[in-house]
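Reader: I am new to this structure and would like a close look at one part of it, with the surroundings explained step by step. Please take me through it slowly.

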Amino acid sequence: MGIPNVRPGYRQITRRDTIFQERVDDAYKVKGKLPEPTACPQCSAVFQQGRWQWLPAPANAREHRCPACQRIQDNYPAGFLMLEGDFLREHHDEIMNLVQNFEKTKKSQYPLQRIMATEGQDNSLLITTTDIHLARGIGEAIHSAYQGNLDLQYNENENLLRAYWSR
């Protein structure tokens, strides 16, 4: 259960302080500017001042599904974080608390950063996210708290991040 090799179409990330620039051709990024205010009918996030925010929806708000809700509906994650190892099994509850608290903090600031699903088996856990930055942030938070090995692989063509942590 070591770190997997870099898959074709992905590049190895060696620096941990790099900020990913999202590609303009992201299919889930709204083309053009939405009229303000616009509210998501599913999660109630409001597009105002050029970004999605957690605000009360004004009475005159138009409706448009936010990119995170669209990804969740389509089951099309932007980030994949695979956690593996005996340490995960032994400290599962602690690690899950860290994951949930990290997501809660980020989601309160950035409504488009959400965990889509978590799927566990024996000594592994797959977390899928609506945003590459959330998957990376969770991986780095786990790495910072528990050490181990963290491998980040970013596919620019698909605006997709695959992160692997093991210990």
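Why does Asp151 count as buried or exposed, whichever of the two applies?

Author: This is a predicted model, and the answer for Asp151 rests on its relative accessibility. Asp151 counts as buried because its relative accessibility is 5%, while the cut-off for buried is under 20%. As for its setting, Asp151 lies in strand E9, which covers residues 149–155, and its side chain is joined to the side chain of Gln153 by a polar contact of 2.8 Å.

Buried residues are also found in helix H1, which runs over residues 67–74, where Pro67, Ala68, Cys69 and Arg71 are buried. These buried residues of H1 pack against E4 and against strand E7, residues 115–121. Just after the helix comes Asn75, which takes a positive phi of about 55 degrees.

Strand E4, one of the partners of that packing, leads on to a sheet. Four strands make up this open sheet, in the order E4-E3-E2-E5, with mixed pairing. Its edge strands are E4 (51–53) and E5 (62–63), each of which pairs on one side only. Strands of a sheet pair through backbone hydrogen bonds, in either a parallel or an antiparallel way. For E4 and strand E3, residues 46–48, the sense is antiparallel, and the pairing extends over three bridges. Within this pairing, Phe47 has Trp52 of E4 as its bridge partner.

Key
Residues numbered from 1 in each chain as written. Predicted model: local features only at pLDDT ≥ 70, side-chain atom pairs only at ≥ 80, totals over all residues. Heavy atoms only, no water. Helix = DSSP H or I, 4+ residues; strand = E, 2+ residues; numbered from the N terminus. Buried < 20%, exposed > 50% of the residue type's maximum accessible area, 1.4 Å probe, protein only. Polar contact = N/O pair within 3.5 Å; in protein donor to acceptor, adjacent residues only side chain to side chain. Pairing = 2+ DSSP bridges. Contact = heavy atoms within 4.5 Å.
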